[in-house]
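Q: Could you walk me through this fold before I go back to the bench?
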Amino acid sequence: MGAGLITAEVIAGGLGRHSYYLQPSQRRLFAALGWSDWIQTFITLMFTKISIALFLLRIVDSRKVRMAMYALIGCLVLFTTIFVCLFLGICRPLKAYWNTGMEAVCMSDDVFENIVIAQGILSIITDLICAAFPIFFLRGLQVSMRTKIGLCFLMALGLITAVCCTVRTALSAAVKSPDVTWDVAANVAWRLPEVNIGIVCANAPALRPIYLFFQGRLASQQTTSKTAYSRDKMMNSSGRRKGQSDLENGDSNYTTGSVGTAETAVSYEMGIVGLSRESN
């Protein structure tokens with residue numbers, strides 16, 4: 001959804017262009033799309049962090065840590081709800097925010113900027129908490145070293161999102177710029193990796209069972225093919241021994257039998273080669 005809104009802002013709303021090059025209809029469309037994009041960004045960041053917190057709750061037994069995760073989830077829901085409600089009440093009536101000629105009561109640009117900064121600070125704090133979380137519980141966790149390294153790497157991605165959020169929060173003044181379509185482009189550019197990396201972190205644990213499922217099926221297919229290939233090789237060897245015996249007895253059917261079994265063995269070998277290429 002966020003990608004679609006930003007694409008519409010670029011193509012139809014004039015994101016990345018100076019406002020004085022745009023038609024009034026484009027400025028109105030950009031204001032409406034930008035308002036929607038901020039709301040979906042707040043909600044997306046909230047759900048990605050809640051997903052990470054719920055994943056951590058599944059692998060931690062410490063009561064203090066679990067209570068901390070529940071508190072984190074509660075803060076995310078509470079403050080994100082406040083930010084969204086403030087954005088929904090940005091103007092009365094709401095459509096006056098993008099139809100600037102209407103008579104309405106709207107919040108000032110400074111208040112708008114402060115909401116964006118407050119949400120950015122909340123996002124930075126929660127990113128750092130999730131990134132530092134393995135330090136407090138990973139030593140006592142009874143899992144393999146490989147799993148621990150993967151978990152540390154996954155949580156460390158929160159440092160990258162924290163950096164992206166810090167930069168885009170520092171660029172929040174662009175939301176009240178007279179040339180907002182041009183000045184806010186840098187803010188959007190830093191917002192994109194922040195959201196997308198967060199989505200990757202939230203979905204990576206859920207993808208592991210799918211990966212193991214298909215890995216198991218592939219291993220099963222390879223085992224079945226190798227078993228059939230070995231069985232056919234045994235049949236081939238038996239056929240050759242029989243052919244040698246028939247040749248000694250003057251049987252002319254040896255050639256036909258050996259060719260048939262050889263062709264079957266080659267077909268199995270090609271099947272295994274094809275399977276290994278597909279797996280690569």
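The chat below goes over the overall make-up and then one pair of helices.

Q: Anything to know before I start?
A: This is a predicted model, in which local features need pLDDT of at least 70 and side-chain atom pairs count only at pLDDT 80 or more, while totals for chains, interfaces and linings use all residues. Residues are numbered from 1 along each chain as its sequence is written, and side-chain values use heavy atoms, with hydrogens and water left out.

Q: OK, which elements does the protein have, and in what order?
A: The protein has eight helices and two strands, and from the N terminus they run α-α-α-β-β-α-α-α-α-α. Helices (H or I, at least four residues) and strands (E, at least two) are DSSP runs, numbered from the N terminus.

Q: And how much of the protein is buried?
A: Of its 280 residues, 35% count as buried, meaning under 20% relative accessible area with a 1.4 Å probe, protein chains only.

Q: Switching topic, at what angle do H2 and H5 pack?
A: Helix H2 (residues 24-59) and helix H5 (residues 145-170) pack at about 155 degrees, with their axes 13 Å apart; axes are lines fitted to C-alpha atoms over the stretch in contact, and angles run from 0 to 180 degrees between N-to-C directions. The two helices are therefore roughly antiparallel, a term for angles over 145 degrees.

Q: Which residues make that contact?
A: From H2 they are Trp38, Leu45, Ile52, Phe55, Leu56 and Ile59, and from H5 they are Leu151, Met155 and Arg168, where contact means heavy atoms within 4.5 Å.

Conventions. Buried < 20%, exposed > 50% of the residue type's maximum accessible area, 1.4 Å probe, protein only. Parallel < 35°, antiparallel > 145°, perpendicular 65-115°, else oblique.
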